[in-house]
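This report looks at charged side-chain pairs and at nonpolar packing in one protein chain. Please keep the sequence and the structure in view while reading.

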Amino acid sequence: MINNGENGYLTVKACEKSFGVEAAGDYTLPDYQSDIRRILCVSQTVLPPAKSISGDSVEFNGTVDYQVLYVGGDGGMYSAPLSGEYSFSVPLERGADIDVTNGVTVLCHVCAEGVSTRASAPRRLSIKSRLRPNVRVFAKMP
């Protein structure tokens, strides 16, 4: 490798984690939608998170979009789109030589593992999602 008197850098793994996170929220359907008699299905889509490095950790926050299919008070089938937020933090495993202040690459993929829903009132839902983030952080080492 020719470096012409400049310092060379190696990209090394500063962190690799996979763990569970829960996103929970209470939602109220608008007045123009029918009351909930029975929940048939809830599908969820996890949008990629925004990320920022603060100190010795990486902060993530994102959105989960839900599509709730339910039987209304009049016996008809209805659908309600809802959105919730999730957030989590990952500490960086920082060695003495690793520079996490400049040139950090953060990769994160969040998978939806499951969702549970409960109707607490005719127009009110409680939704809990189990999410599995897979995080990899790469930093420079001289």
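The sections below take up the salt bridges and then the nonpolar core.

## Basis of the description

The structure is a predicted model, and the values that follow are computed from its atoms.

## Salt bridges between strands

How many salt bridges does the structure hold? There are three, and each is described here together with the exposure of its two partners. Side chains of opposite charge can pair when their charged atoms come close.

Arg136 pairs with Glu16, with a separation of 3.1 Å between the closest N and O atoms. This salt bridge joins distant parts of the chain, since Arg136 belongs to strand 8 (residues 124-141) while Glu16 belongs to strand 1 (residues 10-18), 120 residues apart. Arg136 counts as partly exposed because its relative accessibility is 41%, and Glu16, at 39%, likewise counts as partly exposed.

A further salt bridge brings together the side chains of Arg132 and Glu113, at 2.8 Å from N to O. Here too the partners come from distant parts of the chain, Arg132 being in strand 8 and Glu113 in strand 7, with their positions 19 residues apart in sequence. Arg132 has a relative accessibility of 27% and is therefore classed as partly exposed; Glu113, with 47%, is also partly exposed.

## A salt bridge between loops

Asp35 and Arg123 form a salt bridge in which the closest N and O atoms are 3.4 Å apart. Asp35 lies in the loop between strand 2 (21-28) and strand 3 (36-46), and Arg123 in the loop between strand 7 (105-121) and strand 8, so the pair ties together parts of the chain that are 88 residues apart in sequence. The relative accessible area of Asp35 is 32%, which makes this residue partly exposed, and Arg123, with a relative accessible area of 24%, is partly exposed as well.

## The largest nonpolar core

The largest nonpolar core comprises 29 residues, and those with the most contacts inside this core are Tyr66, Val68, Leu82, Tyr86, Phe88 and Val137. Two or more residues are contributed by each of strand 1, strand 2, strand 3, strand 5 (57-72), strand 6 (77-91), strand 7 and strand 8.

Which residues does Tyr86 contact, leaving aside its neighbours within four places in sequence? Among them are Ala23, Val46, Leu47, Pro48 and Pro49, together with Phe60, Asn61, Gly62, Thr63 and Val64, and the contacts of Tyr86 also include Val110 and Leu131.

Notes:
Residues are numbered from 1 along each chain as its sequence is written. This is a predicted model: local features need pLDDT of at least 70, side-chain atom pairs count only at pLDDT 80 or more; totals for chains, interfaces and linings use all residues. Side-chain values use heavy atoms; hydrogens and water are left out. A salt bridge is a side-chain nitrogen of Lys or Arg within 4 Å of a carboxyl oxygen of Asp or Glu. Helices (H or I, at least four residues) and strands (E, at least two) are DSSP runs, numbered from the N terminus. Buried means under 20% relative accessible area, exposed over 50%, partly exposed in between (1.4 Å probe, protein chains only). A nonpolar core is a set of buried Ala, Val, Leu, Ile, Met, Phe, Trp, Tyr and Cys residues joined through side-chain atoms within 4.5 Å. Contact means heavy atoms within 4.5 Å.
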